[in-house]
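Reader: I am in my first year, and I would like to understand how the words used for a protein structure are justified. Could we go through them one at a time?

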Amino acid sequence: PVDCFPCTSENKLFISKLLGKLQCDGVSNILECLKSGAKILNQRINQRLCAFAIFTDGRHQFIFPDQIMTEVKKINIPCSVNTFGLGRDQDSGLLHAIAHQTHGVYQNIQTSDQVPMIINSFMDSLHNICATNICITLKCHDGARLVTLATPYKIEEKIKLKEWLSIKDE
């Protein structure tokens, strides 16, 4: 098993320094990156924590994009894959498709001055939790009542006694 380290401020700085040393040369093997990352993440001791990011400066070299997407569906990736395409030679369609398929985010980085801001934003997002298409149901305790609720979303009464309310983010 692999023991991944927590995303503390010190570790974020360490990761940022490593990313700053990336060099834009060589070939890209995005499928192997996905397989290797999934293998490491599936061996973790703490299965609840997970972040996967691919930083690539080029196009895949060894396989066609549709074949990669077929394989992505087969690989047991335990979390979303966030993809970062660096420069103009990236296959943005493929990187976006990988992120979309795995519920991740794709970032197109065209110039080197964008790298620190985008990486810092990504690292900060590791502490944030976001949900979509949720439904919140509230129930008041006996003798209590909900007087007002500030929300831009539609509120539905579930019972005539107004004890249950559901808020949907539609």
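Author: Let us begin with L149, keeping in mind that this is a predicted model. L149 has a relative accessibility of 31%, and since partly exposed covers the range between under 20% and over 50%, L149 counts as partly exposed.

Reader: Where is L149 found, and what makes the nonpolar surface patch to which L149 belongs?

Author: L149 is found in the loop that runs between β4 (135-139) and β5 (154-157). The patch is made by L146, L149 and I155, and its area is about 210 Å². A residue needs over 30% relative accessible area to be taken into a patch, and L149, at 31%, passes that cut-off.

Reader: How is the protein chain as a whole described in terms of helices and strands?

Author: The secondary structure comes to 5 helices and 6 strands, and along the sequence they follow the pattern α-α-β-α-β-α-β-α-β-β-β. Of the 170 residues in the protein chain, 27% are buried. The chain exposes about 12,000 Å², with carbon and sulfur atoms supplying 54% of that area.

Reader: What makes the sheet of β1, β2 and β3 an open one, and which strands stand at the edges?

Author: The 3 strands are arranged in the order β1-β2-β3, with parallel pairing. β1 (52-56) and β3 (106-109) are the edge strands, and each has a single partner, so one side of each is left without a neighbour in the sheet. From one strand to the next, the twist averages 15°.

Reader: How do you know that β2 pairs with β1 and with β3?

Author: Two strands count as paired if there are at least two bridges between them. β1 and β2 pair in the parallel sense over 5 bridges, while strand β2 (residues 81-86) and β3 pair in the parallel sense over 4 bridges, so both pairs satisfy the cut-off of at least two. As examples of facing residues, T56 stands opposite G85 in β2, T83 stands opposite Y106 in β3, and F84 stands opposite Q107 in β3. Helix α2 (residues 30-42) packs on this sheet, where α2 touches β1 and β2, and the direction of α2 makes about 155° with that of β1.

Reader: Why is β2 called mostly covered, and how do the side chains along β1 point?

Author: β2 is called mostly covered because 6 of its 6 residues are buried, which means that each has under 20% relative accessible area. V81, T83 and G85 point one way from β2, N82, F84 and L86 point the other way, and all are buried. Along β1 the side chains alternate, with F52, I54 and T56 pointing to one face and buried, while A53 and F55 point to the other face and are not buried. In a regular strand, side chains alternate between the two faces of the sheet.

Reader: Why is the contact between E71 and K74 called a salt bridge?

Author: The closest N and O atoms of E71 and K74 are 3.6 Å apart, and because the cut-off is within 4 Å, the pair counts as a salt bridge. The structure holds 1 salt bridge. E71 and K74 are 3 residues apart in helix α3 (residues 65-74), and are therefore separated by about one helical turn.

Reader: Are E71 and K74 exposed or partly exposed?

Author: E71 has 22% relative accessibility and counts as partly exposed, whereas K74 has 61% and counts as exposed, because the word exposed is kept for residues over 50%.

Reader: What makes H103 worth a remark about its phi?

Author: H103 has a positive phi of about 65° although H103 is not a glycine. Most residues other than glycine have a negative phi. H103 lies in the loop between α4 (92-101) and β3, and at 70% relative accessibility H103 counts as exposed.

Reader: Where does N120 lie, and what is it called in terms of accessibility?

Author: N120 lies in helix α5 (residues 115-125), and at 41% relative accessibility N120 counts as partly exposed. The C-alpha atoms of N120 and K12 are separated by 8.7 Å, although these residues are 108 residues apart along the chain.

Definitions and conventions: Residues are numbered from 1 along each chain as its sequence is written. This is a predicted model: local features need pLDDT of at least 70, side-chain atom pairs count only at pLDDT 80 or more; totals for chains, interfaces and linings use all residues. Side-chain values use heavy atoms; hydrogens and water are left out. Helices (H or I, at least four residues) and strands (E, at least two) are DSSP runs, numbered from the N terminus. Buried means under 20% relative accessible area, exposed over 50%, partly exposed in between (1.4 Å probe, protein chains only). A salt bridge is a side-chain nitrogen of Lys or Arg within 4 Å of a carboxyl oxygen of Asp or Glu. Axes are lines fitted to C-alpha atoms, for helices over the stretch in contact, and angles run from 0 to 180 degrees between N-to-C directions. Contact means heavy atoms within 4.5 Å. Patches are made of residues with over 30% relative accessible area and no salt bridge: like charges are joined within 9 Å, nonpolar side chains (Val, Leu, Ile, Met, Phe, Trp, Tyr) within 5 Å. Accessible areas come from the Shrake-Rupley method with a 1.4 Å probe; for residues, only the protein chains shown count as cover.
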